Amino acid sequence: MSEAITFDTHRFVKNLTASGFTEAQAEALAREQVHLFNSSLATKADIRGAKVGLEVKTEQVKADLEAKIETVKADLEAKIETVKADLEVKIEQVRAGLEVKIETVRASVETARADLQRDIEKARVDLSRWMLAGWVAQTGLIATMFLYFFSGLPGG
């Protein structure tokens, strides 16, 4: 380090000798004071060097953080794509399952409709038979009554 401050050693020595120190003692103390000041205080050059060092370190930290952010971003994007793919598979499975259930319900409805139409047709046939049997019985009854009433008439 170079000298950071101006130190008036002559004044320092004069004050010490006026206070009772010998000149050799006062000069020794003055040299030590100068040494302490010069070794303890930072110069403008020291501060500039530290500033440059901090700027370099800051840029390194910034670059490291940006790299880590990019890594985390890439990891998150990969995880999002994985989750998205998993969800698409699950959605497709649910859709396929629903389509199977819908087809099962449609088949059940068709079966029920066919059974209902068969039952309606059977009921129609049974009703037609009963109506025919009733018509035949009624016709026979009318014919019998007609013969009965008209057979007892003269000329019959």
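Arg124 and Glu121 reach out to each other with their side chains and form a salt bridge, at 2.9 Å from N to O. What separates these two along the chain? They sit 3 residues apart in helix 3, so about one helical turn lies between them. Neither partner is hidden away: Arg124 is partly exposed, with a relative accessible area of 49%, and Glu121 is partly exposed too, at 38%. Keep in mind as you look around that this is a predicted model.

**More pairs along the helix**

A similar story plays out at Glu103, which makes a salt bridge with Arg106; their closest N and O atoms are 2.9 Å apart. Because Glu103 and Arg106 are 3 residues apart in helix 3, about one helical turn separates them. How open to the outside is each partner? Glu103 is partly exposed at 45% relative accessibility, while Arg106 counts as exposed, since its relative accessible area is 51% and the cut-off for exposed is over 50%.

Next, have a look at Asp126 and Arg129. They form a salt bridge as well, with 4.0 Å between the closest N and O atoms. Both belong to helix 3, and again the spacing is 3 residues, or about one turn of the helix. Asp126 is partly exposed, with a relative accessible area of 30%, whereas Arg129 is exposed at 58%. There is also a small network here: Asp115, Arg118 and Asp119 are joined into one by salt bridges that share partners. In total, 7 salt bridges are counted.

Here are the three pairs side by side.

| Acidic or basic partner | Other partner | Closest N to O distance |
|---|---|---|
| Arg124 | Glu121 | 2.9 Å |
| Glu103 | Arg106 | 2.9 Å |
| Asp126 | Arg129 | 4.0 Å |

**Far apart in space**

Now pick out Arg118, the network member from above. Arg118 is in helix 3 and is exposed, with a relative accessible area of 51%. How far is Arg118 from Asp75? The two are 43 residues apart in sequence, and their C-alpha atoms are 64 Å apart in space.

You can try the same thing with Ala112, another residue of helix 3. Ala112 counts as partly exposed, at 43% relative accessibility. From Ala112 to Gly53 you go 59 residues along the sequence, and the C-alpha to C-alpha distance is 87 Å.

**Patches on the surface**

Which residues gather in a patch of negative charge? This surface patch brings together Glu55, Glu59, Glu66, Glu70, Glu77, Glu81 and Glu88. Take Glu81 as an example: it lies in helix 3 and is partly exposed, with a relative accessible area of 47%.

The surface has a nonpolar patch as well, of about 820 Å². Leu141, Met145, Phe146, Leu147, Tyr148, Phe149 and Phe150 make up this nonpolar patch. One of them, Phe146, is found in helix 3.

**How far to trust the picture**

So how confident is the prediction? The chain has a mean pLDDT of 89, and 94% of its residues reach 70 or more. Where is confidence highest, and where is it lowest? Helix 3 (residues 44–151) comes out highest, with a mean of 93. Helix 2 (residues 23–40) comes out lowest, at a mean of 86. As a rule of thumb, where pLDDT is low, don't read the predicted coordinates in detail.

Definitions and conventions: Residues numbered from 1 in each chain as written. Predicted model: local features only at pLDDT ≥ 70, side-chain atom pairs only at ≥ 80, totals over all residues. Heavy atoms only, no water. pLDDT = per-residue confidence, 0-100. Helix = DSSP H or I, 4+ residues; strand = E, 2+ residues; numbered from the N terminus. Patch = residues over 30% accessible without salt bridge, like charges linked within 9 Å, V, L, I, M, F, W, Y side chains within 5 Å. Areas by Shrake-Rupley, 256 points an atom, 1.4 Å probe, with all protein chains shown as cover. Buried < 20%, exposed > 50% of the residue type's maximum accessible area, 1.4 Å probe, protein only. Lys, Arg positive; Asp, Glu negative; His and termini not counted. Charge placed at Lys NZ, Arg CZ, Asp CG, Glu CD.
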